[in-house]
Amino acid sequence: MGRLGVVDPSSYSQPDLITTEHSALNWKVDFGATKIQGSVLHRFKVLTANLDKILLDVRDINVTNATLLAGGSELPINFFISDAVDDIGQKLTLELPSGTAKGSLTVRIDYETSSSASGLQWLNPAQTLGKEHPYMFSQCQAIHARSVIPCQDTPAVKFTYDATVEHPSELTALMSALIDKKEPGKTLFKQEVPIPAYLVAIAIGKLVSRPLGENSSVWAEEAIVDACAEEFSETATMLKTASELCGPYVWKQYDLLVMPPSFPYGGMENPCLTFVTPTLLAGDKSLADVVAHEIAHSWTGNLVTNKNFEHFWLNEGFTVFVESKIVGRMQGAKELDFKMLSNLTDLQECIRTQLNKTPELTKLVVDLSSCGPDDAFSSVPYIKGSTFLRYLEDLFGGPTVFEPFLRDYLKKYAYKSIETKDFQSALYDYFIDTDKKDKLSVVDWDLWLKTEGMPPVIPKFDESLANVTKELATLWSSKSVADLAGNAEIKKTISIHQLIDFLGKLIECKDIVDLTESKINLLESTYNLKSSKNAEIRFRLNRLIIRAGLIKRLDEVLEFANSNFRMKFCRPIYRDLAGWPEAKPAAIRNFLSVKDQMMAVCSHTVEKDLGLK
C-alpha cells in the first residue's frame with residue numbers, strides 16, 4: 001500500500017498544503033435506498049501559492065458535481081476518482097484554476113453515499129427494539145468518514161461544521177453537534193468547536209430522552225430509556241470530576257445515545273453525543289466506567305488529537321489514564337490501581353492472541369505504511385499507553401506533581417493535532433526548570449515507544465484487590481472439581497469487578513486442571529453466572545465453555561455472539577472458535593448468516609479472525 005500522504009499514511013489529503021476550516025452538510029437521508037444524498041460545502045484555507053488541485057478521501061462515494069464558489073459566481077471544476085485501495089478507499093482529485101492564491105477557497109461537492117457505505121449502518125424495523133421504525137447510525141473512526149463525506153479524512157485536520165438534515169418526520173435526528181433548529185422532517189445542527197472528520201456522527205431513529213444532569217441527557221429507544229437513565233445516573237458526577245482534572249468542558253452539552261446491539265465499540269466519543277453500546281446495561285452500574293472513558297475523551301482525543309493513527313496512544317492511553325483517575329476519585333485509590341492491573345490482564349491476552357502474528361503492532365507508536373488503522377486496532381495504545389503515563393506520574397512525584405502537568409499539556413495543545421514528539425517536548429518544557437529535571441534523563445523513550453510486547457516497566461500498584469483474583473485463578477486452575485467443591489476459599493465474597501478480573505485471569509492460565517462440564521457447572525453455581533446480565537461476565541464464561549470444548553453448549557456461545565456485535569466480545573469469541581476444529585464450521589456458517597447485520601469494521605476484522613480473508 002505504501003504511505004498515501006506525508007502527514008498521514010492513511011489519507012490522500014495534503015494538510016501541509018491546504019486545510020479544511022468549515023464544512024456545511026446538506027443531507028437528505030433516504031431509508032428506502034439506504035443512502036445519504038446531498039452536498040458538502042467545504043471552506044478551505046490554501047497554505048501554498050499556485051495550488052493546482054485539491055486531494056480528498058472518498059470511499060464508494062458517487063460524486064456528481066464539483067463547483068468552485070468565488071465572488072458570487074459558480075465555476076464547475078473537473079474531478080476524477082482513483083482506483084480503490086483495499087480497506088482504505090480512493091482519492092478524489094479536484095482540479096483548480098491556474099494561479100490559485102493562498103487564502104480562503106470554497107468548493108461544493110454534490111454526491112451520494114453507497115448503500116453499503118462502511119461508515120453507516122442501516123437497520124430495518126425488525127432489527128430495532130420497537131420493531132416499527134428503521135434506524136440509521138454512523139461510525140467514522142478511524143477512517144470511515146470518507147464513506148460518508150468527501151473530505152480530508154485525517155485527524156491532522158480539524159474543522160467546524162453545520163448540517164441541515166432531512167429525515168422521516170416521525171424520527172429524531174441527532175449529530176455530534178448542538179441542535180440549532182428543529183422542524184418536522186428537518187433538523188439543523190451546529191458544531192462550533194473544530195473537530196477531525198472521524199468525529200462527525202449522525203443517528204436517526206425513534207428516539208426519546210431522559211435528563212441526566214444540567215447539560216446532559218440520555219437518548220435511546222422508548223423500551224430501554226428509563227433503564228439507561230438509571231444505569232448512567234452518575235454521568236454528571238463523572239463530568240464534574242473530569243473537569244476538575246482536565247480543565248473547562250468546552251462542548252456545552254454532554255449527551256449519551258444508547259445504540260442498537262450492532263454498534264461495534266463500547267463507546268464512541270462523538271462530541272456532544274457519546275454513542276455507547278447497550279452491553280453496558282448490567283443493571284447495577286458496574287460497567288458505567290465506559291462513560292467515564294468517553295467523557296475523558298472530551299479533552300484527550302477531541303480537544304488534543306493524535307495527528308494520525310500511528311500516534312493513537314495519545315488519544316487512548318491518555319483517556320484510559322484520565323478514566324482511571326475519575327474512577328479513583330469516585331471509588332478510591334485501591335479501585336484505581338485494581339482497574340489498571342485488570343487492564344494489564346486484558347493486554348496480555350490481546351498480545352497472546354490477536355497480535356501473535358503481528359508483534360510489530362504491539363509497539364506504542366506503530367507504522368501504518370502497510371496496513372490500515374482498523375487492522376492495527378487493539379488494546380495496546382489504550383493499556384500500554386496508560387501504563388506509560390502512570391510510570392511517568394510515579395517517576396515525577398505522583399498525582400500532586402503530574403496532574404498540574406496534565407492540565408498544562410491539555411491547555412498547551414487544545415484544538416491542535418499532535419504527534420508523540422509534541423508530548424515529549426511538553427513534558428520536557430514543563431519539568432526542565434524544576435527540581436524534577438533530573439528525572440527527564442531517566443525516561444527511556446525508545447524502550448517505551450518502540451519495543452514490542454508488554455510494557456517494559458510495570459509501575460508499583462496497590463495489589464490488594466488483584467491478589468484476591470490472582471489467588472482464585474490459581475486455585476480454580478490447579479485443583480480438581482472434587483477438591484474445589486469442599487474448599488471454603490471459593491465462597492469468599494468478591495465484587496463484580498473482581499469476578500470479571502478473576503474469570504479473565506482464569507482464561508489466561510496456561511493449564512487448567514479438570515476443565516470439564518463439571519468444573520464449568522461448579523463455576524456457574526458458585527458465582528451465579530447463569531443469571532448474570534453482565535456482558536463482561538457472560539463473555540468470559542463463554543470463552544471458558546469454548547476452552548472446555550463443550551460442543552453441546554455451542555448454540556449458547558453463538559447466541560451470545562449474535563446478541564451484540566461489539567468487537568471486544570465477538571472478535572475473541574470467533575478467534576477462539578476458529579481454533580476449535582469441531583466448532584469452526586458452525587462458527588463460519590453463523591458468521592455468514594449475520595455478517596450483513598454487522599458494521600463493516602466488525603465484519604472485516606472477524607473475517608480475518610476466521611481466516612476467510
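How many disulfides does the count come to? In this predicted model, the count comes to zero disulfides. Two cysteines help to show how this result arises. A disulfide needs a pair of cysteine sulfur atoms within 2.5 Å. The closest cysteine sulfur to that of Cys246 belongs to Cys272 and is 17 Å away, so the two are too far apart for a bond. Cys272 is likewise in no disulfide, since the nearest cysteine sulfur, in Cys140, lies 15 Å from its own. Both residues are tucked away from the surface: Cys246 is buried at 5% relative accessibility, and Cys272 is buried with a relative accessible area of 5%.

With the cysteines settled, the overall layout comes next. The domain assignment divides the protein chain into domain 1 (1-205), domain 2 (207-462) and domain 3 (464-609). Domain 1 and domain 3 meet through a contact that takes ten residues from domain 1 and seven residues from domain 3, while their C-alpha centres lie 41 Å apart.

The interior of the model can be followed through its nonpolar residues. In soluble globular proteins, nonpolar side chains tend to be buried together. Here, the largest nonpolar core holds 213 residues, and the members that touch the most others are Met175, Phe232 and Tyr409. Helix α7 (residues 380-396) gives this core its largest share, with nine residues. Phe232 offers a good view of the surroundings inside. Beyond its neighbours within four places in sequence, Phe232 is in contact with Leu212, Val218, Leu256, Val258, Val276, Leu280, Leu281, Ala288 and Val291.

One of those partners, Val291, leads to helix α3. This helix covers residues 289-296 and is mostly covered, with eight of its eight residues buried. The buried set consists of Asp289, Val290, Val291, Ala292, His293, Glu294, Ile295 and Ala296.

His293 also appears in a database record. An unreviewed UniProt entry lists His293, His297 and Glu316 under "binding site". These residues span 24 positions in sequence, yet no two of their C-alpha atoms are more than 9.1 Å apart, so they gather at one spot. His293, His297 and Glu316 are also included in the lining of the largest cavity.

A closer look at two of these residues fills in the picture. His293 sits in helix α3 and counts as buried at 8% relative accessibility. Apart from residues up to four places away in sequence, His293 touches Glu316, Thr319, Val320, Glu323 and Tyr382. Glu316 belongs to helix α4 (residues 313-331) and is buried too, with a relative accessible area of 2%. With residues up to four places away again left out, Glu316 touches Glu269, His293, His297, Pro381 and Tyr382. Tyr382 is thus found among the contacts of both His293 and Glu316.

The contact with Glu269 points to a second set of recorded positions. Under "binding site", the unreviewed UniProt entry also lists Gln139, Cys140, Gln141, Pro264, Tyr265, Gly266, Gly267, Met268, Glu269, Arg566, Met567 and Lys568. From this set, the lining of the largest cavity takes in Gln141, Pro264, Tyr265, Gly266, Gly267, Met268, Glu269, Arg566, Met567 and Lys568.

Where in this set does Glu269 lie? Glu269 is found in the loop between β19 and β20 (273-276). Despite this loop position, Glu269 counts as buried, at 2% relative accessibility. Outside its neighbours within four places in sequence, its contacts are Gln141, Tyr198, Leu199, Thr274, Glu294, His297, Asn302 and Glu316. These partners include His297 and Glu316, both of which belong to the record of His293, His297 and Glu316.

Tyr265 lies in another loop, the one between β18 (255-258) and β19 (267-268), and is buried with a relative accessible area of 11%. Beyond its neighbours within four places in sequence, Tyr265 is in contact with Gln139, Gln141, Thr277, Phe377, Arg566, Met567 and Val601. Among these partners, Gln139, Gln141, Arg566 and Met567 also stand in the recorded list that contains Tyr265.

Finally, helix α17 (residues 567-578) is the place of Arg575. At 17% relative accessibility, Arg575 counts as buried, because the cut-off for buried is under 20%. Neighbours within four places in sequence aside, Arg575 is in contact with Thr353, Gln354 and Asp609.

Note on methods
Residues are numbered from 1 along each chain as its sequence is written. This is a predicted model: local features need pLDDT of at least 70, side-chain atom pairs count only at pLDDT 80 or more; totals for chains, interfaces and linings use all residues. Side-chain values use heavy atoms; hydrogens and water are left out. Buried means under 20% relative accessible area, exposed over 50%, partly exposed in between (1.4 Å probe, protein chains only). UniProt positions are given in the numbering used here, feature names are shortened, and annotations may be inferred rather than shown by experiment. On a 1 Å grid over the protein atoms alone, a cavity is a set of points where a 1.4 Å probe fits but cannot get out, and a pocket is an open set with protein on both sides within 12 Å along at least five of seven lines; lining residues have an atom within 4 Å of a point. Helices (H or I, at least four residues) and strands (E, at least two) are DSSP runs, numbered from the N terminus. Contact means heavy atoms within 4.5 Å. A nonpolar core is a set of buried Ala, Val, Leu, Ile, Met, Phe, Trp, Tyr and Cys residues joined through side-chain atoms within 4.5 Å. Domain bounds come from an automatic or database domain assignment.
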